Structure formats: C-alpha cells, structure tokens
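Visitor: Could you walk me through this structure one step at a time? I am still new to reading protein models.

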Amino acid sequence: LPGPQAVTLPMLTNWAFHAEAPESQPGFNDTNWVQTNASQLLMDYYGFHYGYVWYRGHFTAQGSETGITIDGETGAHGVYSVWLNGAFLGTFSTGSHTISIPAGTLKANSAAEVSVLIGNMGHDEDFSSGDTHKSPRGLTTASLQGSTAAISWKIQGDKGGENIASPARGPFNTGGLYGERNGWYLPSYNAASWNAVTLPNRWSSSGVGWYRTSFTLNLPAHMDMPIGLHISDATYN
C-alpha cells in the first residue's frame, strides 16, 4: 500500500455574490404556483415536504388593517420571514405572531400582497411516543386584524415537488428558493453578472443572498480523501 501523502487544498477566494427573493416583491409572477385551499395551508398537503417554501397571499385591502396574524410552523429552530407589498415586516420564530401594519400602509380597495418565506427544519424523526413526526410544517393559519378581507394563498416549494426535478441529486438536494428553482447552485450556471466580493462580506437588504466561487482540486489518484467545508462568521462565533 502507498504511504502517507501530503494533501494541499486550495484557498477559497474570488467570490461572487447575488441577492434574491423576488417573490417578496409586488407584481411577482406566481401564475404557475399552486393555489391553496382556503382552509388548508400546510405545505405537505401540496407535495412540499422539506427545504424553503414560499407563500404569497393576495387580498383587496379595506384600509382598516392594523395587523396580520400568522402561524408559521417551522420546527424547533426554524424561522419565517414576512413582507407586505414588498416592505419587510420581520423574521419570527416558529408559532403564531401578530405583526403590526403601520397606519396608512394599505389603502381601501387596493390590491395587496403578503409574502412569507418558511425556513423549516423538516419533520421530526419517529423515535418517540409523542408522535411529533406528525407535527405540521408551513402556514397553519393567517388572518388580518381590523379587516374582514379574505387572503387567497399560493405556495411554491422545491421545483417539481414530489416529482423530483433532479433525480440524480436526490429528493433533499434543493428547496424552494428562487436560486434553487433556477439552478444557481449548479456547476454549469453562469454567474458572470454577479458582483465580485471579498470575505467577510455584509449586505443589508432583507431576503436571501448567494455566494459562489470555483476551485481546482489536485488530489492523489486512487486514494479515498474525505474533504470538509468549514464556514464561520466571527460576528456569531
């Protein structure tokens, strides 16, 4: 057998960055998204069982709205983010939260859109008698405060849902982020228009950010070389 060999790994430099979350903005085309039942919003009901899931709600404002109560079930450490007509309302832990709508934000008889990005932790494993693996994920309820306007919801998760878009990469490869649905993670994707950045990098807009770089591995032939990727942020470490 060959003896130990030195392995040199490349530095990860020449990063490119692109922000996304067009689903949070008014007028985003969700024509091909799945229309939900008014009484059933849970993501599993529509064939989305893991990863990020978007909800977009459409309603006609009455002008009297003071808040919106949303119950987003994400699992113990998941979160969800909410936008109203493109304005970021915040990120919240799993469960029900009533989010204030500033006075004058919505005008009577005007079209309005609320967007919710669910970052769920997936379903629990079935190893206890509590049946927590049956706990719901996604939106369970959503209602306006100070208004009787009904919200019509559409949903979008991983591309293809239960009909996996990339069988070779497996069912848990991607979720429902815009970049995931449009192949931003694929080696062949052309990111030439993305902004060049150096790390550490900070960006202030609400939503989702993508970073990409490329590198060349020069590893000994016929050797099993497990490689890991360490990501850290000094702000939170």
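**A guided look at the model**

Visitor: In which loop does P200 lie?
Guide: Helices (H or I, at least four residues) and strands (E, at least two) are DSSP runs, counted from the N terminus. With that numbering, P200 lies in the loop between strand 11 and strand 12 (208–212).

Visitor: Good start! What kind of model is this?
Guide: Residues are numbered from 1 along each chain as its sequence is written, while side-chain values use heavy atoms and leave out hydrogens and water. Local features need pLDDT of at least 70, side-chain atom pairs count only at pLDDT 80 or more, totals for chains, interfaces and linings use all residues, and the model itself is predicted.

Visitor: What is the pattern of the protein chain, read along the sequence?
Guide: The protein chain has one helix and 12 strands. Write α for a helix and β for a strand, and the pattern is β-β-β-β-β-β-β-β-β-β-α-β-β.

Visitor: Back to P200: is the peptide bond that joins L199 and P200 cis or trans?
Guide: Most residues other than glycine have a negative phi, and most peptide bonds are trans. Here, omega is about 0 degrees between L199 and P200, and the bond is cis.

Visitor: Phi of which residue is near 60 degrees?
Guide: Let's look at two positive values. N85, in the loop between strand 5 and strand 6 (87–93), has a phi near 50 degrees. The value near 60 degrees, also positive in a residue other than glycine, belongs to H222.

Visitor: Does H222 count as buried or exposed?
Guide: Buried means under 20% relative accessible area, exposed over 50%, and partly exposed in between (1.4 Å probe, protein chains only). N85, at 29%, is therefore partly exposed. H222 sits in the segment after strand 12, and its relative accessibility is 86%, so H222 counts as exposed.

Visitor: What is the relative accessible area of T74?
Guide: T74 is in the loop between strand 4 (67–73) and strand 5 (79–84). Leaving out residues up to four places away in sequence, T74 touches V79, Y80, T94, I118, G119, N120, M121 and R137, where contact means heavy atoms within 4.5 Å. T74 is buried, and its relative accessible area is 0%.

Visitor: How many aromatic pairs are there?
Guide: Rings of Phe, Tyr and Trp (its six-membered ring) pair if their centres lie within 6.5 Å; planes under 30 degrees apart are stacked, over 60 edge-to-face and the rest tilted. Counted by this rule, the aromatic pairs come to 14.

Visitor: What type of pair do the rings of W184 and W194 make?
Guide: W184 and W194 are both buried, and ring pairs link them with Y178, Y189 and W210 into a cluster. The centres of the W184 and W194 rings are 5.3 Å apart and their planes are at 65 degrees, so the pair is edge-to-face.

Visitor: How many residues of the largest pocket's lining are charged?
Guide: Nonpolar means Ala, Val, Leu, Ile, Met, Phe, Trp, Tyr, Cys and Pro, charged means Asp, Glu, Lys and Arg, and the others, Gly among them, are polar. The lining divides into 15 nonpolar residues and five polar ones, while the number of charged ones is three.
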